[in-house]
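Let's practise reading charged pairs in a protein. Work through each exercise with the structure open beside you, and try it before looking at the solution.

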Amino acid sequence: MSGPAGRTVLTGLRWTSLRLRLVVVFGLVALTAAVSASGIAYWLNREAVLTRTQDSVLGDFRRQMQNRAATLPTPPTRDDLQSAAVQMASSSPGYDVLLVDEHEGKPIVGYSDLDAFTRQDVPASLQKQVGKKQPMTSGNTYEYHLFWQRTSIGGAPYLVAGTKIIGGGPTGYLLKSLDQERQDLNSLAWSLGIATALALVGSALLAQGAATTVLRPVQRLGDAARKLGEGKLDTRLVVSGTDELADLSRTFNRTASALEKKVADMSAREESSRRFVADMSHELRTPLTAITAVAEVLEDEADSLDPMIAPAVHLVVSETRRLNDLVENLMEVTRFDAGTARMVLDTVDVADQVTACIDARAWLDAVDLDAERGMMVRLDPRRLDVILANLIGNALKHGGSPVRVAVRIVGEELVIEVRDHGPGIPEDVLPHVFDRFYKASASRPRSEGSGLGLSIAMENAHIHGGDITAANSPDGDGAVFVLRLPVDAERLTSEAGEHGVEDRNEEGGAT
């Protein structure tokens, strides 16, 4: 595909392949790195914030218990506990206090704020741990320790802690709200999320820039390769820099130069070979004309010649005609190769044309023709005759009679099918039946034909804008050659400079 539309499609496909993969890979790497860094940062900050708040609150609570709860009378009254709890809470960095003691087997409780903190808010496991006397060891000199636990009350986070006065005294509990810390951590999480999103966007932009930097030279290389494939062998890339892409561009330029030189050499040799064949064929025509005339005279006198000489005369006549056909075929091939082959268009009845071809070669008894009169087509009658002569002659030679020729028009195509009843074409030969000078059997390199007939038939089909296919009959009875030509080759007149098309009027004169 070429042109702006083709470039748009190719650019789109390129973007959805390597460019997209680069962007996705960069994005995934950046996302992984950002999420990992943000997660570690959030976890570290969370622990730091909670630990700092927790240590501050627990340290203050321990001092309050030592300074206020430990100085209460034994046993304290409910008012004593209530007053001490209020004083501890009022002087604390924002927590509520609960003091618990026993008098005559009955619990006495003092609240700093009955609506904010009650004994039911203290987890049972924490109460059990606080009231449990620890065994005295060399590493533990205190009977009771300060225990804490983070919990959730009504969906809000809290720190609950408790301890007991050593040597007799009340048990104290605190309740500290961690909602402010949660809000701070949520703000931090949002900030880290925004930073992650910005990192992802930045990585996408970076990937886009990197992809553009890498893919632009690759795109130029692809465009240059397409031009080279289209035959523009002078295509070269502008090389800048010393990176791998610059080395690739230099390699491409060296390859293109070598290819251009190689193609130029091959074209020159091919042109020289074609000119040699054309010149040789042309030069052979004059002596062949004289030899043919002498051979015809000898053929007429063959019956009166010595019986020992007559076979030689017949052989000379046969080989002279074969050589004459070969020269004519070679000249026709060189015209096709040189692009100088010309068509002379005329409107003909296909049935009449096929009948004339068969009749001129005395094949009427060996060919079964299936063609209705009135199928008018516009083509070159002489070239159609060459195609039919080669296809039918090949069928008669290799397949034997009867040969069936079916003619029909399908849509805008003229279809002529030539079927024989011979052994068919070997599978390894089928791909080469239209090759020049191809011999199906290496043990029989010499045949009566020139080996150019089918290739010339194919060239004549191509010049009409048609084609010939060869296959074996599905029922295994012989080979089938199918010729397809446009019913009107007039459209080729607009390309006369390329194909060499002439027109012929109703009376047959060239115009």
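## Salt bridge exercises

At 23% relative accessibility, E47 is partly exposed, in a model that is predicted.

**Exercise 1.** Find the partner of E47 in a salt bridge and decide whether that partner is buried or exposed, or in between.

*Solution.* Start with the contact: E47 pairs with R46, and their closest N and O atoms lie 3.1 Å apart. A salt bridge needs these atoms within 4 Å, so the pair qualifies. Next, look at the surface: R46 has a relative accessible area of 30%. Partly exposed covers the range between 20% and 50%, so R46 is partly exposed.

**Exercise 2.** Work out which parts of the chain are linked by the salt bridge of R404 and D370.

*Solution.* First check the contact: the N to O distance between the two side chains is 3.0 Å. Then locate the residues: R404 sits in strand β9 (residues 403-410), while D370 belongs to strand β7 (residues 367-370). The two residues are 34 residues apart, so this pair links distant parts of the chain. Finally, consider accessibility: R404 is partly exposed at 31%, and D370 is partly exposed at 38%.

**Exercise 3.** Decide whether D380 and R383 are buried or exposed.

*Solution.* Begin with the salt bridge, where the side chains of D380 and R383 meet at 3.6 Å, N to O. D380 has a relative accessible area of 3%, and R383 has one of 2%. Buried means under 20%, so both residues are buried.

**Exercise 4.** How many salt bridges does a search of the whole structure find?

*Solution.* The search gives 13 salt bridges.

Methods:
Residues are numbered from 1 along each chain as its sequence is written. This is a predicted model: local features need pLDDT of at least 70, side-chain atom pairs count only at pLDDT 80 or more; totals for chains, interfaces and linings use all residues. Side-chain values use heavy atoms; hydrogens and water are left out. Buried means under 20% relative accessible area, exposed over 50%, partly exposed in between (1.4 Å probe, protein chains only). Helices (H or I, at least four residues) and strands (E, at least two) are DSSP runs, numbered from the N terminus.
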